[in-house]
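Here's a quick look at some cysteines and a bit of sheet. Have the structure open as you read.

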Amino acid sequence: MSHLLKKTATFVSILGLPKTDESTSAANPTRADGFESVGAVAQLDQNGEILNEQFSIGSILVVRDPGDSNRIIAVNPTCTHTGCTVKWQADQTEFVCPCHDSKFTINGEVIQGPAKDSLAGYDVKQEDDLILVKAG
């Protein structure tokens, strides 16, 4: 019977249907105000970015605005061209897709194609040592 359950879980995963893994939702619960923790300020400052792939609505990439160190930016890092994960290039102050070299501004707007659509952006704030992103 457990063999059948494993196949069912794999099938659900392949179809992309939501899994009922409570560890993900417990790790980053969405608050009543719609914000969800994606990491710590110390992590952002140490690494220059936070890529959280366990966010409730998909992956989130958080960076600090190089022009204003008090401003934090949160975008969906999925390139709008073919779905590759963009990388933050701090020295160029842009998001770059490693697959086809699409480039996006700090606000997610397309600088260079082939991508035609901007990266989705999210409301973000800092509370104490946490970076919070609005899930909706």
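Keep in mind that this is a predicted model. Let's start with one residue pair: V96 has K103 in β7 as its bridge partner. That contact belongs to the pairing of β6 (residues 94-96) with β7 (residues 103-104), two antiparallel strands joined by 2 bridges.

Zooming out, these strands sit in an open sheet of 4 strands, ordered β5-β6-β7-β8 and paired antiparallel. At the edges you'll find β5 (87-89) and β8 (110-112); each has a single partner strand, so one side of each has no neighbour in the sheet.

Now for the cysteines. How many disulfides does the model have? The count is 1, formed by C84 and C99 with their sulfur atoms 1.9 Å apart. This pair ties together distant parts of the chain, 15 residues apart: C84 lies in the loop between β4 (72-75) and β5, and C99 in the loop between β6 and β7. The torsion about their S-S bond is about -105°, so this disulfide is left-handed.

What about C79? C79 is in no disulfide, and its nearest cysteine sulfur belongs to C97, 3.8 Å away. Why is there no bond from C97 to C79? Because 3.8 Å between the sulfurs is too far for one; the cut-off for a disulfide is within 2.5 Å.

Here's how the four cysteines compare for burial:

| Cysteine | Relative accessible area | Class |
|---|---|---|
| C79 | 2% | buried |
| C84 | 15% | buried |
| C97 | 2% | buried |
| C99 | 40% | partly exposed |

So within the disulfide, C84 is buried, while C99 is partly exposed.

Note on methods:
Residues are numbered from 1 along each chain as its sequence is written. This is a predicted model: local features need pLDDT of at least 70, side-chain atom pairs count only at pLDDT 80 or more; totals for chains, interfaces and linings use all residues. Side-chain values use heavy atoms; hydrogens and water are left out. Two strands pair if DSSP finds at least two bridges between them. Buried means under 20% relative accessible area, exposed over 50%, partly exposed in between (1.4 Å probe, protein chains only).
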